[in-house]
Amino acid sequence: FQPKVLAGQRVLVTAGPTFEALDPIRGITNHSSGKMGFAIARAAREAGAEVTLIAGPVHQTTPRGVRRVDVLSAQGMLESTLGNAQDATVFVATAAVADWRPASHSEQKIKKDGSGQPPVLHFVENPDILATVAKTPRAQSGALFCVGFAAESENLVAHASAKRERKGIPLLVGNIGPLTFGQDHNSLLLVDSDGVRELPRATKLALARQLVAEIAARLPARRPP
Ligand code: C5P
């Protein structure tokens, strides 16, 4: 039994990798499985929220009662996120958004040209979806509570605290320890303005439920109807 700590809230979650096309056949992506984001969407729904899940290309089952929007690229994810953020009250960014995309997209398959020289690829930086949402007036006023994730290979506390400040968000969640792509277990570090708190190793679903409770406790108290 889950207490309905998010009843009346509208929660928006991004999950999975993005795929940045190079030509009709190829592109760059990463190993994000989307498991943590899908677990958070499920836990938020169990806690009574209306949930929209914006998913990159993943192989995960949509949690019951969750509205899912599939996207491919970072630009597509940004567009869908900004549209859905307009009436959300909580935004949890778990997506592993590609930092760069090819500067140009070839309409036809890029072919070997027989010279033995590989093609030179140029990249441009993708938009930072979380930082963009965190700058919107609703996020700035506290009407939209933004949560970010960080995967670091060293100095997690220092990097996570710096990332929280840089992105301008109230809560940042660090993935502790070895990269957890595709794994069912994880442990998390919660960083907010009060300091740091660890959620010890557990399944991603158990952690998602704890995180949902932590988010609910940080939301501005709602006026009685
Ligand atoms: O800067 P870094 O990629 O480490 O930040 C991770 C956090 O920012 C995650 O919450 C991720 O979903 C979000 N992010 C984003 N758009 C990007 C890059 C990261 O929303 N382009």
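# Exercises on a predicted model

In helix α2, the buried residues are Ala 74, Met 77, Leu 78, Thr 81, Asn 84 and Ala 85. Seen down the axis of α2, these residues fall within an arc of 145°, so they line one face of the helix. The model is a predicted one.

## Exercise 1. Helix α2

Compare the expected span of α2 with the distance between its end C-alpha atoms, then list what covers its buried residues.

Solution.
- Step 1: α2 covers residues 74-85, which makes twelve residues.
- Step 2: At 1.5 Å a residue, taken over one less than the number of residues, α2 should span 16 Å.
- Step 3: The end C-alpha atoms of α2 are 16 Å apart, which agrees.
- Step 4: The cover over the buried residues of α2 includes the strands β1 (10-15), β2 (20-21), β4 (50-55), β6 (90-93) and β7 (100-102). Helix α3 also takes part in this cover.

## Exercise 2. Gly 56

Where is Gly 56 found, and is this residue buried or exposed?

Solution.
- Step 1: Gly 56 sits in the loop between β4 and β5 (67-70).
- Step 2: A residue is buried if 20 or more other C-beta atoms lie within 10 Å of its own. Gly 56 has 26, so Gly 56 is buried.
- Step 3: Now list the contacts, not counting residues up to four places away in sequence. Gly 56 touches Gly 16, Pro 17, Thr 18 and Phe 19, and also Val 71, Leu 72, Met 77 and Ala 95.
- Step 4: Met 77 is one of the buried residues of α2.
- Step 5: For a long-range distance, take Val 120. Gly 56 and Val 120 are 64 residues apart in sequence and 27 Å apart in space, C-alpha to C-alpha.

## Exercise 3. The nonpolar core

How many residues are in the largest nonpolar core, and which have the most contacts inside it?

Solution.
- Step 1: The largest nonpolar core has 56 residues.
- Step 2: Val 11, Ile 40, Ala 44, Phe 91 and Cys 146 have the most contacts inside this core.
- Step 3: Helix α1 (residues 35-46) gives the largest share of the core, seven residues.
- Step 4: Take Ile 40 as a case. Leaving out residues up to four places away in sequence, Ile 40 touches Val 13, Val 92, Thr 94, Ala 208 and Leu 211.
- Step 5: Set this beside a general tendency. In soluble globular proteins, nonpolar side chains tend to be buried together.

## Exercise 4. Helix α6 and Leu 207

Test the span of α6, then place Leu 207 in its surroundings.

Solution.
- Step 1: α6 has 15 residues (204-218) and should span 21 Å at 1.5 Å a residue. Its end C-alpha atoms are 21 Å apart, which agrees.
- Step 2: The buried residues of α6 are Lys 204, Leu 207, Ala 208, Arg 209, Leu 211, Val 212, Ile 215 and Ala 216.
- Step 3: These buried residues pack against α1, β6, β9, β10 (171-175), β11 (185-192) and β12.
- Step 4: Leu 207 has 22 C-beta neighbours inside 10 Å, so Leu 207 counts as buried.
- Step 5: Neighbours within four places in sequence aside, Leu 207 is in contact with Asn 186, Leu 188, Leu 199 and Ala 202.
- Step 6: The C-alpha atoms of Leu 207 and Arg 218 are separated by 17 Å, with their places eleven residues apart along the chain counted as a separation.

## Exercise 5. Two positive phi values

Examine Asn 155 and Gly 168 on either side of α5.

Solution.
- Step 1: Asn 155 is in the loop between β9 and α5 (156-167).
- Step 2: Phi of Asn 155 is near 45°, a positive value in a residue other than glycine. Most residues other than glycine have a negative phi.
- Step 3: Asn 155 has 10 C-beta neighbours inside 10 Å, so Asn 155 counts as exposed.
- Step 4: Gly 168 follows α5, and its phi is positive, near 70°.

## Exercise 6. The ligand shell

How many residues surround the ligand, and which are the closest?

Solution.
- Step 1: The ligand is surrounded by 13 residues. The closest are Ala 93, Val 97, Ile 129, Leu 130 and Gly 148.
- Step 2: α3 (129-134) and β9 (145-151) each supply at least two residues of the shell. β9 gives the largest share, three residues.
- Step 3: By type, the shell divides into eight nonpolar, four polar and one charged.

Key. Residues are numbered from 1 along each chain as its sequence is written. This is a predicted model: local features need pLDDT of at least 70, side-chain atom pairs count only at pLDDT 80 or more; totals for chains, interfaces and linings use all residues. A residue is near a molecule or strand if its C-beta atom, placed from the backbone, lies within 6 Å of it. Helices (H or I, at least four residues) and strands (E, at least two) are DSSP runs, numbered from the N terminus. Ala, Val, Leu, Ile, Met, Phe, Trp, Tyr, Cys and Pro count as nonpolar, Asp, Glu, Lys and Arg as charged, and the others, Gly among them, as polar. A nonpolar core is a set of buried Ala, Val, Leu, Ile, Met, Phe, Trp, Tyr and Cys residues joined through C-beta atoms within 7 Å. A residue is buried if 20 or more other C-beta atoms lie within 10 Å of its own, exposed if 12 or fewer, and partly exposed in between; C-beta atoms are placed from the backbone. Two residues are in contact if their C-beta atoms, placed from the backbone, lie within 7 Å. The arc is that of the directions from the helix axis to the C-beta atoms.
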